[in-house]
Amino acid sequence: MKVLIADDDRVIRRILEAALSEWGYATVAVADGRAAWEALRAPDAPRFAILDWLMPGLDGLEVCRRVRELPTRLPPYLLLLTVRDSRPDIVAGLQGGADDYMTKPFDHNELQARLQTGLRILRLQEELAAELRRSQQALELVKQLQGLLPICGYCKRIRDDHDAWQQLEDYISAHSEARFSHGVCPRCWEEHVGPELRRLGAAGPDNG
Amino acid sequence: MHDRPDPLLTAAPAPDGRVLDVGAALARAGGDVRLLAELANMFLEDSAGWLADLAGALQRGDVAGVRFTAHLLRGSAANFGAQEVCRAGRAVEERARAGDLRGAAAACGELKACLLRLRPALLALAGTEEGNA
């Protein structure tokens with residue numbers, strides 16, 4: 001797991017880098033809010049960010065607001081780490097888009113526990129997103145089977161998306177979880193199989 | 001600003017005799033004495049620059065600049081348990097927030113004095129790097 005550290009104080013950055021590295025996290029550190037925003041909107045953006053509030057460029061709260069406007073199913077977990085310790089600041093930080101809020105100077109054990117909490121939430125998000133993807137794929141299949149299917153009036157083959165004509169059972173097998181077991185219905189037995197057997201001189205089960 | 005004695009030259013010891021909390025600072029460095037020395041060196045270098053920035057912002061009448069730098073300084077000092085510096089930094093920040101530049105300048109004098117008292121303790125921490133090399 002890669003964690004973004006954004007703080008204009010290099011003492012804090014160094015403390016966080018050392019602690020997170022000790023706990024097994026990869027880190028990327030930046031010294032201002034604009035660099036934090038660029039890192040969080042990049043294709044390979046870290047999924048977890050520890051942001052100072054007051055920074056040059058953009059402040060941490062503005063970074064939170066912008067990140068929350070990004071159209072993504074997997075938004076990063078944002079922790080504001082700041083010396084601003086008043087209740088109104090904490091409320092404003094959380095309402096502004098932060099997932100968590102800690103005040104400086106921070107306790108190592110508390111930060112480690114909050115990172116683990118954040119990771120649990122990120123994993124849940126990923127599992128939900130994967131489940132949603134699976135559900136949408138299943139829904140697409142259902143939609144395909146519910147749509148208007150071009151079928152040959154004579155041979156009953158179905159035209160697929162690539163203009164190829166497929167046997168009905170092949171088409172359904174390819175577009176659903178259904179599988180076929182082959183048998184002969186009584187009517188077809190009477191109309192086709194029985195006469196053929198009689199023609200060959202053998203008796204069918206119904207004929208004793 | 002130069003007609004009064006420089007507080008850096010007239011600093012008195014902190015009333016409680018503690019300018020920083022070595023235990024808390026070491027805990028924040030994960031118990032790593034070498035890292036703590038590195039951090040102390042960083043703060044010694046950076047705080048000198050921040051004081052210069054504060055003086056510049058005060059001279060320009062840049063309230064936002066005063067507030068921003070005081071905020072940064074007290075946040076960094078908090079890592080060393082330097083309560084006195086944190087309190088003084090907060091006073092500068094609050095005066096600046098209130099638009100009181102004269103008050104901020106006075107509070108900045110006290111902040112300089114606190115930093116001067118903190119300096120020997122930080123130098124001792126920074127020296128541990130050499131002592132362990």
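I take helices as DSSP runs of H or I, at least four residues long, numbered from the N terminus. The model I am reading is predicted.

**Entry 1: helix 4 of chain B**

I started with the end of this helix. Helix 4 of chain B is followed by G99(B), and the phi of G99(B) is positive, near 80°. Then I looked up the helix itself. Helix 4 of chain B covers residues 83–97, which makes 15 residues. From first C-alpha to last, helix 4 of chain B reaches 21 Å, close to the 21 Å expected at 1.5 Å a residue.

Which residues of helix 4 of chain B are buried? I noted E84(B), V85(B), C86(B), A88(B), G89(B), V92(B), E93(B) and A96(B).

**Entry 2: what packs on helix 4 of chain B**

I checked helix 3 of chain B next. Helix 3 and helix 4 of chain B pack with their axes 8 Å apart, at an angle of about 160°. Angles over 145 degrees count as roughly antiparallel, so helix 3 and helix 4 of chain B are roughly antiparallel to each other. Helix 3 of chain B passes helix 4 of chain B in a left-handed crossing.

I listed the contact residues. Helix 3 of chain B brings V63(B), V66(B), R67(B), A70(B), H71(B), L73(B), R74(B) and A77(B). Helix 4 of chain B brings V85(B), C86(B), G89(B), R90(B), V92(B), E93(B), A96(B) and R97(B).

**Entry 3: the other partner of helix 3 of chain B**

Helix 2 of chain B runs over residues 33–60, and helix 3 of chain B over residues 63–77. Their axes come within 9 Å and cross at roughly 160°. That makes helix 2 of chain B roughly antiparallel to helix 3 of chain B. The crossing of helix 2 of chain B past helix 3 of chain B is left-handed.

From helix 2 of chain B, I wrote down F43(B), W50(B), D53(B), L54(B), A57(B) and L58(B) as contact residues. From helix 3 of chain B, I wrote down G65(B), V66(B), T69(B), A70(B), L72(B), L73(B), S76(B) and A77(B).

**Entry 4: a helix pair in chain A**

I turned to chain A. Helix 2 of chain A (residues 33–41) and helix 3 of chain A (residues 60–68) have axes that come within 9 Å and cross at roughly 20°. Parallel or antiparallel? Angles under 35 degrees count as roughly parallel, so helix 2 and helix 3 of chain A are roughly parallel to each other. Helix 2 of chain A passes helix 3 of chain A in a right-handed crossing. The contact uses G33(A), W37(A) and L40(A) from helix 2 of chain A. Helix 3 of chain A supplies V63(A), R66(A) and V67(A).

**Entry 5: cysteines**

I looked for disulfides. A disulfide is a covalent bond between the sulfur atoms of two cysteines. How many disulfides are there over all chains? The count comes to zero.

I checked C152(A). The closest cysteine sulfur, in C155(A), is 3.5 Å from the sulfur of C152(A). The cut-off is 2.5 Å, so that pair is too far apart for a bond. C152(A) is partly exposed, at 21% relative accessibility.

I also checked C114(B). C114(B) is in no disulfide, and the nearest cysteine sulfur, that of C86(B), is 9.9 Å away. C114(B) is buried, at 1% relative accessibility.

**Entry 6: V3(A)**

V3(A) sits in strand 1 of chain A, residues 2–6. Buried or exposed? V3(A) is buried, with a relative accessible area of 0%. Leaving aside neighbours within four places in sequence, V3(A) is in contact with L20(A), Y25(A), A26(A), T27(A), V28(A), P46(A), F48(A) and I50(A). V3(A) and A45(A) are 42 residues apart along the chain, and their C-alpha atoms are separated by 9.3 Å.

**Entry 7: backbone exceptions in chain A**

Most residues other than glycine have a negative phi, and most peptide bonds are trans. I looked up the exceptions below.

- K104(A) and P105(A) are joined by a cis peptide bond, with omega about -5°. P105(A) lies in the loop between strand 5 (100–103) and helix 5 (108–146) of chain A.
- K156(A) is not a glycine, yet has a positive phi of about 65°. K156(A) is in the loop between helix 5 and strand 6 (158–159) of chain A. K156(A) is partly exposed, with a relative accessible area of 45%.
- D163(A) is not a glycine either, and has a positive phi of about 65°. D163(A) lies in the loop between strand 6 and strand 7 (165–166) of chain A. D163(A) counts as exposed, at 59% relative accessibility.

Key. Residues are numbered from 1 along each chain as its sequence is written. Chains are lettered from A and ligands numbered from 1 in the order in which they are written. This is a predicted model: local features need pLDDT of at least 70, side-chain atom pairs count only at pLDDT 80 or more; totals for chains, interfaces and linings use all residues. Side-chain values use heavy atoms; hydrogens and water are left out. Helices (H or I, at least four residues) and strands (E, at least two) are DSSP runs, numbered from the N terminus. The expected span of a helix is 1.5 Å times one less than its number of residues. Buried means under 20% relative accessible area, exposed over 50%, partly exposed in between (1.4 Å probe, protein chains only). Axes are lines fitted to C-alpha atoms, for helices over the stretch in contact, and angles run from 0 to 180 degrees between N-to-C directions. Angles under 35 degrees count as roughly parallel, over 145 as roughly antiparallel, 65 to 115 as roughly perpendicular and the rest as oblique. A crossing is left-handed if the near helix is turned anticlockwise from the far one by less than a right angle, and right-handed if clockwise. Contact means heavy atoms within 4.5 Å.
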